[in-house]
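Good morning, colleagues. Please take a moment to look at the sequence and the structure on the screen before I turn to the charged side chains and to one of the helices.

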Amino acid sequence: MYGQRIKEIRQEKGLTQAQLAEMLTTTQSTIGKYEREEIQLTVDTILKICKLFEVSADYLLGLED
């Protein structure tokens with residue numbers, strides 16, 4: 001669920017994977033893996049994404065709509 005949410009929010013904000021990667025100090029490849037849920041998010045990454053996109057962790061993780 002988190003992968004779909006990251007992709008949706010990223011696209012709504014008009015960001016590429018590369019731009020989001022730069023904002024999170026990671027690589028475009030890692031962002032793609034997050035979106036495909038090939039790797040798990042760390043707590044630190046969850047917090048960064050939530051602050052950046054102004055969403056709750058519950059929303060990002062699919063616990064609420």
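A helix, as the word is used in this talk, is a DSSP run of H or I that is at least four residues in length, and helices are numbered from the N terminus. The model before you is a predicted one.

I begin with a pair inside a single helix. Helix α4 covers residues 43-53, and both K48 and D44 belong to it, four residues apart, which is about one turn of the helix. Their side chains meet in a salt bridge, with 3.5 Å from N to O. How exposed is each partner? K48 has 34% relative accessibility and counts as partly exposed. D44 is likewise partly exposed, with a relative accessible area of 47%.

How many salt bridges does the structure hold in total? There are four, and I shall discuss two others besides the pair in α4.

The next one joins E38 and R36, whose closest N and O atoms are 2.9 Å apart. Here E38 is partly exposed, at a relative accessible area of 48%. R36 counts as exposed because its relative accessibility, 51%, lies over the 50% cut-off.

The third pair is E35 and R10, which form a salt bridge with their closest N and O atoms 2.6 Å apart. This pair links distant parts of the chain: E35 sits in helix α3, residues 28-35, while R10 sits in helix α1, residues 2-12, and 25 residues separate them. Are these two partners buried or exposed? E35 has 12% relative accessibility, so it counts as buried. R10, at 7%, counts as buried as well. The cut-off behind both statements is a relative accessible area under 20%.

R10 leads us to the helix that contains it. In α1, the buried residues are Y2, G3, R5, I6, I9 and R10. Where do they lie around the helix? Viewed down the axis of α1, the buried residues fall within an arc of 165°, and therefore they line one face of the helix.

What covers these residues? The cover over the buried residues of α1 includes α2, residues 17-23, together with α3, α4 and α5, the last of these spanning residues 57-60. Thus α3, the helix of E35, is among the elements that cover the buried residues of α1.

One final detail concerns the end of this helix. Just after α1, G14 takes a positive phi of about 75°.

Thank you for your attention.

Conventions. Residues numbered from 1 in each chain as written. Predicted model: local features only at pLDDT ≥ 70, side-chain atom pairs only at ≥ 80, totals over all residues. Heavy atoms only, no water. Helix = DSSP H or I, 4+ residues; strand = E, 2+ residues; numbered from the N terminus. Buried < 20%, exposed > 50% of the residue type's maximum accessible area, 1.4 Å probe, protein only. Arc of directions from axis to C-beta. Contact = heavy atoms within 4.5 Å.
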